[in-house]
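Work through the exercises below with the structure open beside you, and try each task before you read its solution.

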Amino acid sequence: MGKATKYVSKEADASGFIHWTEEENDTWAALIERQLKCIEGKACDEYMVGLEKLNLPLDRVPQLEEVSKVLRAETGWECAAVPALIGFGEFFRLLSERKFPVATFIRSKEEFDYLQEPDIFHEIFGHCAMLTHPAFAKFTEAYGKLGLAASKEDRVFLARLYWFTVEFGLMSTPDGLRIYGGGILSSPGETAYAMQDGNAERRFLTNEEQVVDVLRTPYRIDIMQPIYFMIEKMSDLDAIRALDLMSLVEQAKALGLHAPKFPPKEKIAS
């Protein structure tokens, strides 16, 4: 959000239909085939149930209405087509209205393995299956409402909560470690990395003190994560949502940020 991108979202026609090219459909097909294999036995059960409900096409980019129809029936959410990058204000507003922003472009073949901007594959395959689950859907809506009312400074702290849950959340289950964060679930590299013991630190996220810990933890979007936070069950998101999160933001601000566990990003000489 807020940075330049070379990608441009595709406009829908008068009937809301987006015309994808053969190459774009092929890219979707290759991405979903690869990622379905990657997440086998690694994605949480709630995600897999949601994916089954969405019944995403394997040979073409889905139309947003196909996904929205399922989300509306399950949790009252829907997809909202947005430009390639949107501002924080618009992002929070959409979430607060139970509209999940989906940039309507798909990555180029050159950036098949990784791109910094969230494309339609990341948004739909990574996130929309989880939005069929009530606890996850309510948490995301509440987060949007908080962010909409928050100051610019507070939004930076709130962004860390979203990053370590909705994007990069893990779950410690009786059957072992599982993934629910869309940033991991849509990336083969991050899926393998997050699940491999010894790669990164893993901390729990189930109480107030741990939420403050999350709010104080810096991250970088362009590296494998040095820290992941784990919930134990989806209802933990209900418990986090019930906390006075803005007072926890104040605590985090007073305590200051943890030292980052990664080197600073190198500045490109102009």
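**Exercise 1. The sheet**

What is the order of the strands in the open sheet of four strands, and what kind of pairing does it have?

*Solution.* Keep in mind throughout that this is a predicted model. Reading across the open sheet, the four strands come in the order 4-3-6-5, and the pairing is mixed. Strand 4 and strand 5 (201-204) stand at the edges with a single partner strand each, so one side of each has no neighbour in the sheet. From one strand to the next, the twist averages 35°.

To see where the mixed pairing comes from, take the neighbours of strand 3 in turn. Strand 3 (residues 170-173) runs antiparallel to strand 4 (residues 176-179), and four bridges join the two. One bridge partner to look for is Arg178 in strand 4, which is paired with Met171. The connection from strand 3 to strand 4 is a hairpin through two residues. With strand 6 (residues 227-231), by contrast, strand 3 pairs in the parallel sense, over two bridges. Here Leu170 has Met230 of strand 6 as its bridge partner. As background, strands of a sheet pair through backbone hydrogen bonds, and they may do so in either the parallel or the antiparallel sense.

**Exercise 2. Helix 6 and helix 7**

Determine how helix 6 and helix 7 are arranged, and describe their contact.

*Solution.* Begin with the axes: those of helix 6 (residues 134-149) and helix 7 (residues 152-167) come within 10 Å and cross at roughly 165°. Angles over 145 degrees count as roughly antiparallel, and therefore helix 6 is roughly antiparallel to helix 7. The crossing of these two helices is left-handed.

Next, look at the residues that meet. Helix 6 contributes, among others, Phe136, Phe139, Tyr143 and Leu146, while the residues of helix 7 include Arg155, Leu158, Leu161 and Tyr162. Sorted by class, the contact of helix 6 with helix 7 has ten nonpolar, three polar and one charged residues.

**Exercise 3. An aromatic pair between helices**

Find the aromatic pair formed by Trp28 and Phe121, and place this pair within the contact of helix 1 with helix 5.

*Solution.* The count of aromatic pairs comes to 14. In one of them, Trp28 and Phe121 are 5.3 Å apart centre to centre, with 75° between the planes, and the pair is edge-to-face. Trp28 lies in helix 1 (residues 22-38) and Phe121 in helix 5 (residues 120-128), so the pair ties together parts that are 93 residues apart in sequence.

Now consider the helices themselves, whose axes, for helix 1 and helix 5, come within 11 Å and cross at roughly 35°. This crossing is right-handed. Trp28, Leu31, Ile32, Gln35 and Leu36 of helix 1 make the contact together with Ile120, Phe121, Ile124 and Phe125 of helix 5. By class, the contact of helix 1 with helix 5 has eight nonpolar residues, one polar residue and no charged residues.

Conventions
Residues numbered from 1 in each chain as written. Predicted model: local features only at pLDDT ≥ 70, side-chain atom pairs only at ≥ 80, totals over all residues. Heavy atoms only, no water. Pairing = 2+ DSSP bridges. Axes fitted to C-alpha atoms, helices over the stretch in contact; angles between N-to-C directions. Parallel < 35°, antiparallel > 145°, perpendicular 65-115°, else oblique. Left-handed = near helix turned anticlockwise from the far one by under 90°. Contact = heavy atoms within 4.5 Å. Nonpolar A, V, L, I, M, F, W, Y, C, P; charged D, E, K, R; others polar. Phe/Tyr/Trp six-rings, centres within 6.5 Å; stacked < 30°, edge-to-face > 60°.
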